[in-house]
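These exercises ask you to read a structure with care, one step at a time. Try each task yourself before you turn to its solution.

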Amino acid sequence: MKGMTVIVKTVASWVKVLIFLFGIYIVIFGHLTPGGGFAGGVILASSYVLLMLAYGREFAEENLSLPLASKLDCVGAFLFALIAILGFVFGGVFFVNFLVGYSQPLRLISAGTIPLSNIAIGLKVGASLFLIILTLSIFRPDVSTGKKE
Amino acid sequence: MAVFYILLLFMIIAAIIAVETKDLLSSIICVGAIGIGTSIMFLFLRAPDIAITQIVVEVLGLIILIRATISRDLTFITGDREFFGTVISVVIIFVIFLAGIKVFETLPDFGTPLITEVANAASNTYIKEGFAKTGAANIVASVILDYRGYDTLGEATVLFTSIIGATIILRKKAKKMLEEPDK
């Protein structure tokens, strides 16, 4: 039996959804309230880390496998660079906020490219922090299922 | 502008010595000289926060490098040069101490931000025009993702690179341990 006791598993299965939703909230409201991509990404990663602590590494790896996490990491990083390059294409300057002025301020969709950058950074930070904890947990001498990696 | 060229020349000479010298410890000390040159350069370019970061990272890296090489390349200075070296190091430490006192005198008092003393500080511009120009109610988000986007790109790149490195190293070690489970 992998993982912790049934109490911890039950609580974790309820709480992980709330933590994940809170991380998404922190990421996409980063331009209106305190927070942003880095903080929200850490919260997103921590929900998966909770899953890993409660149920064991294999269960977390079924939900978000190591190749998928690396792909998400790369997608986030390249999305952030792509937003910067789009600023160069449409605004003439690298990293210019070319979408500002098309929407009312203080709304969810406002502030131009800042929410998009927040989403990209949140994806990147969340995937990479989960990835580093996953690789640290793979690096254990008592791994019995000697499959890949 | 002349000070920039002097610093640049100093850093280039230090880099050449660091590459060309035979002694490993001297090479590391030259790397430290390049780092402090970069830090002073940032200070003259009016970026004190980057200068502080640079010098902290440089000191840490220097300590790690010296710790890594001190066991394999020991150099002892004996004889007449011992007294000379001691005097020189004491004088240098004293000069750095005096410079530190001078720097602490120029700092604003505790609790008074810089924008109250400097009228055209960059943070004043961010606070006044940040909301109107970017439309983000969170000024911090407008600074890190709009005004200082390059900085965030650099941070994201550092994180990306370090995680790639950690993943590669740890996966290789784990693979080796899985292949030899007895150890």
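**Exercise 1.** Find which helix gives the most to the nonpolar patch on chain B, and list the residues that make the patch.

*Solution.* Start with the helix: in this predicted model, H3(B) makes the greatest contribution to the nonpolar patch, with seven residues. Next, list the members, which are Val3(B), Phe10(B), Ile36(B), Ile40(B), Phe44(B), Ile52(B), Ile55(B), Val56(B), Val59(B), Leu60(B), Ile63(B) and Ile64(B), and which together form a surface patch of about 1,100 Å². Then place the patch on the chain: helix H1 (2–20), helix H2 (24–44) and helix H3 (48–69) of chain B are the elements that give two or more residues to it. As a check on one member, Leu60(B) lies in helix H3 of chain B.

**Exercise 2.** Describe the interface of chain B and chain A, beginning with its extent and ending with the kinds of residue on the side of chain B.

*Solution.* Begin by counting residues: 29 residues of chain B are in contact with 39 residues of chain A. The area buried between the two chains is about 2,900 Å², and carbon and sulfur atoms give 76% of this area. Now look for specific pairs, where the rule finds zero salt bridges across the interface, while three residue pairs are in polar contact, both residues being at pLDDT 80 or more. Turning to the elements, at least two residues of the side of chain B that touches chain A come from each of helix H5 (122–134), helix H6 (139–147) and helix H7 (149–179) of chain B. The largest share belongs to H7(B), which supplies 18 residues. Finally, sort the residues on this side of chain B by kind, which gives 16 nonpolar, seven polar and six charged.

**Exercise 3.** State how many salt bridges the structure holds over all chains, and name the partners.

*Solution.* Recall first that side chains of opposite charge can pair when their charged atoms come close. Over all chains, the structure holds one salt bridge. The partners are Asp73(A) and Lys124(A), whose closest N and O atoms are 3.2 Å apart, and this distance is within the cut-off of 4 Å. The pair links distant parts of the chain, for Asp73(A) sits in helix H4 (residues 66–91) of chain A and Lys124(A) in helix H5 (residues 114–138) of chain A, 51 residues apart.

Note on methods
Residues numbered from 1 in each chain as written. Chains lettered and ligands numbered in written order. Predicted model: local features only at pLDDT ≥ 70, side-chain atom pairs only at ≥ 80, totals over all residues. Heavy atoms only, no water. Contact = heavy atoms within 4.5 Å. Buried area = accessible area lost by both parts, 1.4 Å probe. Salt bridge = Lys/Arg side-chain N within 4 Å of Asp/Glu carboxyl O. Polar contact = N/O pair within 3.5 Å; in protein donor to acceptor, adjacent residues only side chain to side chain. Helix = DSSP H or I, 4+ residues; strand = E, 2+ residues; numbered from the N terminus. Nonpolar A, V, L, I, M, F, W, Y, C, P; charged D, E, K, R; others polar. Patch = residues over 30% accessible without salt bridge, like charges linked within 9 Å, V, L, I, M, F, W, Y side chains within 5 Å. Areas by Shrake-Rupley, 256 points an atom, 1.4 Å probe, with all protein chains shown as cover.
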